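Student: Please take a close look at one part of this model, namely how its secondary-structure elements are paired and what sits in the loops. A single connected account would suit me best.

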Amino acid sequence: MKSMARKEVYCENCKSHQPLIQPDPQKDDLNLYPWYELVCGTCYSIIATVQIVPDEKPLEPSAAVEPKLKRVPKR
Ligand SMILES: [Zn+2]
């Protein structure tokens, strides 16, 4: 029998890796782009909110990285 794989995510709340819940993207009236939340499967805290945007959308400012240091990956 082939063994199944699962995704795990590091959860700050659990302080360990836990199974990841990754629902299908949804669209609603409050958000311009389809989005979904990455959720810890154990404590259900939100790890990250992902939105799917067109490539042309400019990057938003980052509080962690100065604009001059920020690089946009080339393809
Ligand atoms: Zn957790």
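Tutor: Read along the sequence, the pattern is β-β-β-β, with zero helices and four strands in the protein. Helices and strands here are DSSP runs, numbered from the N terminus: H or I over at least four residues for a helix, E over at least two for a strand. The model is a predicted one, in which local features need pLDDT of at least 70 and side-chain atom pairs count only at pLDDT 80 or more, while totals for chains, interfaces and linings use all residues. Residue numbers start from 1 along each chain as its sequence is written.

The four strands form an open sheet in the order E1-E2-E3-E4, with antiparallel pairing. E1 and E4 are the edge strands, each pairing on one side only. On average, neighbouring strands of this sheet are turned by 35° against each other, direction ignored. The axes behind that angle are lines fitted to C-alpha atoms (for helices, over the stretch in contact), and angles between N-to-C directions run from 0 to 180 degrees. Two strands count as paired if DSSP finds at least two bridges between them.

Taking the pairs in sheet order, strand E1 (residues 8–11) is joined to E2 over four bridges in the antiparallel sense. One register point is valine 9, whose bridge partner in E2 is glutamine 18. The two strands form a hairpin with four residues between them, and lysine 15 has a positive phi near 60° there. Lysine 15 is located in the loop between E1 and E2, and its phi is positive although the residue is not a glycine. Most residues other than glycine have a negative phi. Lysine 15 counts as exposed because it has 8 C-beta neighbours inside 10 Å. The classes rest on the number of other C-beta atoms within 10 Å of a residue's own: 20 or more is buried, 12 or fewer is exposed, anything in between is partly exposed, and C-beta atoms are placed from the backbone.

The next pair is E2 (residues 16–21) with E3 (residues 35–40), antiparallel and joined by two bridges. Leucine 20 has cysteine 40 in E3 as its bridge partner, and isoleucine 21 stands opposite valine 39 in E3. The loop between E2 and E3 includes proline 23, which is exposed because 9 other C-beta atoms lie within 10 Å. From C-alpha to C-alpha, proline 23 and valine 39 are 8.7 Å apart in space, at a sequence separation of 16 residues.

Valine 39 also serves the other side of E3, standing opposite isoleucine 46 in E4. E3 and E4 (residues 46–51) run antiparallel and are joined by five bridges. They form a hairpin with five residues between them, and tyrosine 44 in the turn has a positive phi of about 65°. Tyrosine 44, again a residue other than glycine with a positive phi, counts as exposed because it has 11 C-beta neighbours inside 10 Å.

Cysteine 43 lies in the loop between E3 and E4. It is exposed, since 11 other C-beta atoms lie within 10 Å. Leaving out residues up to four places away in sequence, cysteine 43 touches Cys11, Asn13 and Cys14; a contact means that two C-beta atoms, placed from the backbone, lie within 7 Å. Its C-alpha is 8.9 Å from that of glutamine 18, across 25 residues of sequence.

The contact with Cys11 leads back to strand E1, where cysteine 11 is placed. Is cysteine 11 buried or exposed? Cysteine 11 is buried, because 20 other C-beta atoms lie within 10 Å. With residues up to four places away in sequence left out, its contacts are Ser16, Gln18, Cys40, Thr42, Cys43, Ser45 and Ile47. The C-alpha atoms of cysteine 11 and isoleucine 47 are separated by 6.8 Å, at 36 residues apart along the chain.

Two totals give the setting. Buried residues make up 5% of the 75 residues in the protein. Among contacts between residues at least 6 apart in sequence, 24% join residues at least 24 apart.
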